[in-house]
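Colleague: I'd like a close look at the big picture of one part of this fold, the sheet, and at a few spots around the chain. Could you walk me through it?

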Amino acid sequence: MIYSSSIADRLLACYLQEPSLLLNSKYPLDKDEFIIQFQKILYVVIYNLAVNGCKSISIMDIEEWLKPYTAQYNVYKENNGDEYISTVIELVDYENFESYYKHFRKFSCLREYKENGFDIKKFWDEEKTEESQIENLNNYEIEDIINHFEGLQIEIKRKFNIKNVNEEYVAGSDFAETKERFKESPLIGNSFQSLFLNGIFRGMYGFILRGAKSGGGKSILSMGDLCKSTIKEYYDFEIGDFVKNKSRKGSGLFINTELDLRNELDPMIIAWISGVPRSHIIDGSYIENEEERVDRATKILLDSELYIVDDPSFTTKSLVETIKDYVLNKDVKTVCYDYISNNGYVAKEISSETKVPQREDMVLLTLTDRLKQVQRELDISLISAVQTNGQEDNMEFPNESCLAGGKSQVRKTDGTMIMLIPTKKELSQTELLVAKWNNKYNKDNFGNTIVPNNVIHIIKGRGSKYPKNIKVFQYIDLSTARTYDMFCTDKYNNPIDVDKISIEYDE
């Protein structure tokens, strides 16, 4: 059996002495990793006591928790649970927890690979004695095990996946075929909420980066765009009912690093689908038919295959692996990585690779580069965001030097934009454009003029026919994450025509 009962004993002793270790996201564990039933039961009890706020756990605590569960309590008693707990606590020092944890998970990792059909003899040969195999396993870290099997897969992939092999050809030799393909299916990405941005960037083609100040709406706008390309239906205010989202490309993935999943992300998505203000949802206070719309939106969301992965302790490796997993195994078409930042873990990872301490901008640049590489490899639409560095406050025309990852960060993207609150000068010079837009699109709301609260400065658009520094003026409804295009100007706030492209798909 690929398991060490003695290591499991030591690990449980640590949890008994320091229950908070079970709630530390740095050390994930599943009850099914305990093969022996008594140890699994004890783990479940400790976990539940920890969740309920216990800072230390006594034999009496465990007895009281188990008594209502007759079968499990009998197993505990048959294994002399009280004596077991007293013994392991006395013999085991919880300060050695990390060593026990890593050792225990090596066994779990090997069992997982074996169950999925991999040959694990390099690390554990079940025909040999357990003592000799434990001695052999001690020579490897869990990362060595994972890298071994990943290396085998990469070797096979490079051998047979022709698409990713370096290619040499005579330029133009395939263009006649390419030309006809473009006529049938123009080169275009998945849909933004903004038809102007679809026109400028050819949709979410490749890797799109959005820069903004802290609290500038990066996550809200990214989630709105992800919903546009993923959600199956949404509430249309003009019709007064839910309509099919013809811009849906397929399932989507949002990689979260900071937001609370159920209290922030879910209400944000439901607000976009239903058109009900987020404040009404989180206050639990609805007017007219809003609660019915929220209930309908919940069913639509469950049917739309929008996956959320929470990864606050991300590294470049964890991000790339998550994206590959969901694209290859769940057929995800659009990925949104909340925002590019340095959490400490990624800096440590990159420093260990390069053997050189990493500045903040170097970390962000490397992270951006890895995201571009995986986007290109998988041929998906990928959007992300980055914080600006404050230089935009002193610039009339914001450019790539405003990005927290430095000027070079923009080179890794297919499209880059910086979104800011309109300045007094911009609002003054576009008053006539604002009035024209309201007269055309907001004429029923007499006296309630909508004024743009967001200006998108286009920094880069690979393949775009529009120049840099043009601006897209929008109104963002932060309560629903929906955006409304108003007009476009050149960098001097003179109106310009930009194609509004609606990207839609057949059934």
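**A buried serine, then the sheet**

Modeller: At 0% relative accessibility, S304 counts as buried. Keep in mind that this is a predicted model. S304 sits in the loop that links α14 (290-302) to β5. Setting aside neighbours within four places in sequence, S304 is in contact with T230, I231, K232, R248 and S251.

The loop with S304 leads to β5, so let's go on to the sheet, since β5 (306-310) stands at one of its edges with a single partner strand. The sheet is open and has nine strands, in the order β5-β4-β6-β7-β1-β8-β9-β10-β11, and the pairing is mixed. At the other edge stands β11 (482-489), also with a single partner strand, so β5 and β11 each have one side left without a neighbour in the sheet. On average, neighbouring strands are turned by 20 degrees against each other, direction ignored.

Two helices are worth picking out here. Helix α12 (residues 261-274) packs on the sheet, where it touches β4 (252-256), β5 and β11, and its direction makes about 155 degrees with that of β5. Helix α15 (residues 316-330) packs on the sheet too, touching β4, β5 and β6 (334-340), with its direction at about 160 degrees to that of β4.

Now for β8, in the stretch of the order that reads β1-β8-β9. Strand β8 (residues 415-420) is mostly covered, with six of its six residues buried. That goes for both faces: G415, M417 and M419 are buried on one side, and T416, I418 and L420 on the other. As a reminder, strands of a sheet pair through backbone hydrogen bonds, either parallel or antiparallel. β8 has a partner of each kind: β1 (residues 207-212) runs parallel to β8 and is joined to it by four bridges, while β9 pairs with β8 in the antiparallel sense over six bridges. To find these pairings on your screen, look for L209, which stands opposite T416 in β8, and for L420, whose bridge partner in β9 is V455.

One step further along, β9 (residues 454-461) and β10 (residues 471-477) run antiparallel, joined by four bridges. A handy pair to look for there is N454 and its bridge partner in β10, Q474.

Another buried serine is S108, which lies in helix α6 (residues 97-115). S108 has a relative accessible area of 9%; the cut-off for buried is under 20%, so S108 counts as buried. S108 and D30 are 78 residues apart in sequence, yet their C-alpha atoms are 9.7 Å apart in space.

Zooming out, the protein chain has 19 helices and 11 strands. Its C-alpha trace spans about 80 × 65 × 50 Å along the principal axes. Of the 507 residues, 46% are buried. Among contacts between residues at least 6 apart in sequence, 68% join residues at least 24 apart. The accessible surface comes to about 27,200 Å², and carbon and sulfur atoms account for 48% of it. As for charge, there are 63 positive and 81 negative ones in the chain, and their mean positions are 7 Å apart.

How values were computed. Residues are numbered from 1 along each chain as its sequence is written. This is a predicted model: local features need pLDDT of at least 70, side-chain atom pairs count only at pLDDT 80 or more; totals for chains, interfaces and linings use all residues. Side-chain values use heavy atoms; hydrogens and water are left out. Two strands pair if DSSP finds at least two bridges between them. Axes are lines fitted to C-alpha atoms, for helices over the stretch in contact, and angles run from 0 to 180 degrees between N-to-C directions. Contact means heavy atoms within 4.5 Å. Buried means under 20% relative accessible area, exposed over 50%, partly exposed in between (1.4 Å probe, protein chains only). Accessible areas come from the Shrake-Rupley method with a 1.4 Å probe; for residues, only the protein chains shown count as cover. Lys and Arg count as positive and Asp and Glu as negative; His and the chain ends are not counted. The place of a charge is taken as NZ of Lys, CZ of Arg, CG of Asp or CD of Glu.
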